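This is a set of questions and answers for reading a protein structure one part at a time. Please look over the sequence and the structure shown below before you go on.

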Amino acid sequence: MSEIRMTDTEISPKMNAAVMNAVVYDTYGMPEVLRVKEVDIPTPQDNEVLIEVHATSVNSWDWDLLRGKPFINRIGAFRHPRYPILGADIAGKVILAGPAVQRFKPGDEVFGDLSGCGWGGFAEYVCANEEALTPKPAGITYVQAASIPQAAVLALQGLRNQGNLQEGEHVLINGAGGGVGTFAIQYAKLQGAEVTAVDRGDKLDMLLELGADHVVDYTKEDFTASGARYDLILDVVGNRSAFALKRALVKGGTYVMIGGPMPHILLNLVWSPFVSWLEKKKLTILVHKPNHADQAIWKELVESGKVIPRIEREYALSETSQAIRDLGEGRVNGKAVVSLKKTKNDD
């Protein structure tokens, strides 16, 4: 077996040490259980690379795994968290490459979704399977790149794969002001769709700037009771029942659920066959499948300037708990990103 590949000129000065700073937790709870701790720098396996992390974005899965809710997140890890270091969406530079790695070498700039290969992004270094990674888009920052993987791929798979989005269709995006929604608006408009975006009133101007044709403040109007009908509903928040949602679909329309409370997920699973049979309307739940091929599509869209990541704020590593709290409590427009190069006192 060949040795791990590394280039002296690409090694970070911090690699002279055996430890790194990481945000860890060992019990389920609110963001207060997170703490910055020195831990060992991981060693890549044969098909992995070691990445110096420059930025990691925050996702709803971080919030859910931190609290161990819904209970399904505790399967196989009832008493202690499965992943002591959260953070899936990363951008950084390859430092070391395992002997079986074919796609990357030390010095390459990459971004990717690590939710399928161990998480660990809220740290100065992380190991990742090469299949989880894509070359970083040229001409953008690491912070912008880190905002893309999970949210953008969910938007793509929901609209393209599950929703079979076609030019001229009327699409409604529920929860459009978060990471998935802000990418979904831009992708749907590129495909020639008419887009209605639903979120809080303070986010509506941003949604219009991103290209939405119509906006709805959910605190003032229930889109399922307005009488409007949509070819495709992409639901990021899952705050409406299956019975209400089917009213808002045209005959032959499709509802795609990306996130939401477990009771609504289970209800949709139970009722979807009946709605499909009786009303010719499709209710589906997206099962996320991270892959570098879909990330590459977003790489091209961002490099060409057709899509612009919407980032609310950058946080220092020591502010990770605040970043997760802000996202979990709905205070983030677009994406929240932890920058490893930012200090707490930076503006």
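Q: How far apart are the end C-alpha atoms of H8, and what span should its residues give?
A: Helices (H or I, at least four residues) and strands (E, at least two) are DSSP runs, numbered from the N terminus. The expected span of a helix is 1.5 Å times one less than its number of residues, so the 12 residues of H8 should span 16 Å. The distance between the end C-alpha atoms agrees with that expected span, as both come to 16 Å.

Q: What kind of model is this?
A: Residues are numbered from 1 along each chain as its sequence is written, and side-chain values use heavy atoms, with hydrogens and water left out. Local features need a pLDDT of at least 70, side-chain atom pairs count only at pLDDT 80 or more, and totals for chains, interfaces and linings use all residues, the model being predicted.

Q: Which elements do the buried residues of H8 pack against?
A: Buried means under 20% relative accessible area, exposed means over 50%, and partly exposed lies in between (1.4 Å probe, protein chains only). In H8 the buried residues are Asp-294, Gln-295, Trp-298, Lys-299, Leu-301 and Val-302. Counting a contact as heavy atoms within 4.5 Å, these buried residues pack against strand E6 (109–113), strand E8 (133–135), H3 and helix H4 (179–190).

Q: Which residue caps the N-terminal end of H8?
A: A polar contact is a pair of N or O atoms within 3.5 Å; within protein, one must be able to donate a hydrogen and the other to accept it, and residues adjacent in sequence count only if both atoms are side-chain atoms. At this end of H8, a side-chain oxygen lies 3.2 Å from the backbone nitrogen of Ala-293. The residue that supplies this oxygen, and so caps the helix, is Asn-291.

Q: How many residues apart in sequence are Arg-160 and Asp-294?
A: A salt bridge is a side-chain nitrogen of Lys or Arg within 4 Å of a carboxyl oxygen of Asp or Glu, and the side chains of Arg-160 and Asp-294 meet in one at 3.0 Å, N to O. The pair links distant parts of the chain, with Arg-160 in helix H3 (residues 149–162) and Asp-294 in helix H8 (residues 292–303), at a separation of 134 residues.

Q: Is Asp-294 buried or exposed?
A: Its partner Arg-160 has a relative accessibility of 30% and therefore counts as partly exposed. Asp-294 has a relative accessibility of 7%, so it counts as buried.

Q: How many residues apart in sequence are the parts that Lys-341 and Glu-52 tie together?
A: The structure holds 17 salt bridges, and one of them joins the side chains of Lys-341 and Glu-52 at 3.3 Å, N to O. Lys-341 lies in the segment after strand E16 (335–339) and Glu-52 in strand E4 (residues 48–57), so the parts that are tied together are separated in sequence by 289 residues.

Q: Which residues are linked in a network of salt bridges?
A: One link to look at is the salt bridge between Glu-329 and Arg-325, whose closest N and O atoms are 2.9 Å apart. Glu-329 counts as partly exposed at 38% relative accessibility, whereas Arg-325 counts as buried at 17%. The network as a whole joins Glu-32, Arg-313, Glu-319, Arg-325, Asp-326, Glu-329 and Arg-331.

Q: Which side chain of opposite charge is nearest to Asp-62?
A: Asp-62 lies in helix H1 (residues 60–67), and it is buried yet has no salt bridge. Residues it touches, not counting those up to four places away in sequence, include Ser-57, Leu-86, Trp-119 and Ile-324. Lys and Arg count as positive and Asp and Glu as negative, while His and the chain ends are not counted; the nearest side chain of opposite charge, 7.1 Å away, belongs to Lys-335.

Q: What is the phi of Trp-119?
A: Trp-119 sits in the loop between E6 and strand E7 (125–129), and at 5% relative accessibility it counts as buried. Although Trp-119 is not a glycine, its phi is positive, at about 55 degrees.

Q: Which residue joins its side chain to that of His-170 in a polar contact?
A: His-170 lies in strand E9 (residues 170–174) and is buried, with a relative accessible area of 15%. Beyond its neighbours within four places in sequence, its contacts include Glu-194, His-214 and Asp-231. The polar contact between side chains, at 2.8 Å, is with Thr-196.
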